[in-house]
Amino acid sequence: MLRFFKKKYTEEDLLLFNFLRKNRFFEKLTNEELSYFAPYLYLRKYHENEVVFFTKDPSQAVYIVKSGIVSLNLDLKDGFEKLMTLRSGRLFGDNAFISGTKRLYSAIVMTEEAEIYVIPKANLMEVMNNHPEVRAKVMTAFAEQYNEYTSNLFQTYKSSLGFFDLNTVYNDLNL
């Protein structure tokens, strides 16, 4: 179908859309599809050592680093083990795309200041429930990322000669 009155986006909108496309979850969305999320992007400022969320917190939002550095950390007995460090354009807290989840790691700001976009889970679900084509693209990206995580886990396991029991990991799954 031809659309004679195609929506025009401002330069600011287009910059935001290009920024969002830096991460896997939004990279394949059209400008129109990205515009559904725009009203729900809340920019928050965080300071050094401020916790964005803790392990086991309810997964109530997705976060995208606009500026600064965020460290994702696995909680261990007496401290943390760094999983990864995120910079501009990187999304974290992606298990908020799944109902009833809790955080698997803690997220802590590492720089003097960081600006982070927050998209509340309720708004994510609203967009995805009202736009099945968006849901399909985002969930495909989610599945691709899950596959990449699993592949990396297996590669690491093989290269380190089985430093843990994979059977224990997979026995706990309800497959």
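This presentation goes through the architecture of one chain, from its overall make-up to its two sheets and its helices.

Good morning, colleagues. Please keep in mind throughout that this is a predicted model.

I begin with the chain as a whole. There are 5 helices and 8 strands. Read from the N terminus, the order of elements is α-α-β-β-β-β-β-β-β-β-α-α-α. The chain has 175 residues, and 37% of them are buried. Its exposed surface amounts to about 11200 Å², of which carbon and sulfur atoms supply 55%. As for contacts with a separation of 6 or more, 70% are between residues 24 or more positions apart.

Let me turn to the sheet that contains strand 8. It is an open sheet of 4 strands in the order 1-8-3-6, and the pairing is antiparallel. Strand 1 and strand 6, the latter at 91-92, are the edge strands, each pairing on one side only. Helix 1, residues 11-20, packs on this sheet and touches strand 3 and strand 8; the direction of helix 1 makes about 110° with that of strand 3.

Strand 8 itself deserves some detail. It covers residues 113-120, and 6 of its 8 residues are buried. With strand 1, residues 42-47, strand 8 pairs in the antiparallel sense over 6 bridges. Within that pairing, Tyr42 has Val118 of strand 8 as its bridge partner. Strand 3, residues 61-67, is likewise joined to strand 8 by 6 bridges, and these two strands run antiparallel. Here Val62 is bridged to Ile119 of strand 8, while Val65 is bridged to Ile116.

Now to the other sheet, with the order 2-7-4-5. This open sheet has 4 strands and antiparallel pairing. Which strands stand at its edges? They are strand 2 (51-53) and strand 5 (79-86); each has a single partner strand, so one side of each is left without a neighbour in the sheet. On average, neighbouring strands here are turned by 35° against each other, direction ignored. Strand 4, residues 70-76, runs antiparallel to strand 5 and is joined to it by 7 bridges. One of the pairs along these strands links Leu76 to Gly79 of strand 5.

I come next to the helices that follow the strands. Helix 3, residues 121-130, lies across strand 1, strand 3 and strand 8, running at about 50° to strand 8.

How do helix 3 and helix 4 meet, in terms of distance and angle? Their axes come within 5 Å and cross at roughly 115°. On the helix 3 side, the contact is made by Val127, Met128, Asn129 and Asn130, and on the helix 4 side by Pro132, Val134, Arg135, Val138 and Met139. Sorted by class, this contact comprises 6 nonpolar, 2 polar and 1 charged residues.

Helix 4 has 28 residues, 132-159, and at 1.5 Å a residue it should span 40 Å; its end C-alpha atoms lie 40 Å apart, so expectation and model agree. The buried residues in helix 4 are Val134, Val138, Ala141, Phe142, Gln145 and Thr150. In an α-helix with 3.6 residues a turn, residues three or four places apart point the same way. Two residues in that buried set, Val134 and Val138, also belong to the contact with helix 3.

To close, I return to the two sheets: one has the strand order 1-8-3-6, and the other has the order 2-7-4-5. Thank you for your attention.

Methods: Residues are numbered from 1 along each chain as its sequence is written. This is a predicted model: local features need pLDDT of at least 70, side-chain atom pairs count only at pLDDT 80 or more; totals for chains, interfaces and linings use all residues. Side-chain values use heavy atoms; hydrogens and water are left out. Buried means under 20% relative accessible area, exposed over 50%, partly exposed in between (1.4 Å probe, protein chains only). Contact means heavy atoms within 4.5 Å. Accessible areas come from the Shrake-Rupley method with a 1.4 Å probe; for residues, only the protein chains shown count as cover. Two strands pair if DSSP finds at least two bridges between them. Axes are lines fitted to C-alpha atoms, for helices over the stretch in contact, and angles run from 0 to 180 degrees between N-to-C directions. The expected span of a helix is 1.5 Å times one less than its number of residues. Ala, Val, Leu, Ile, Met, Phe, Trp, Tyr, Cys and Pro count as nonpolar, Asp, Glu, Lys and Arg as charged, and the others, Gly among them, as polar.
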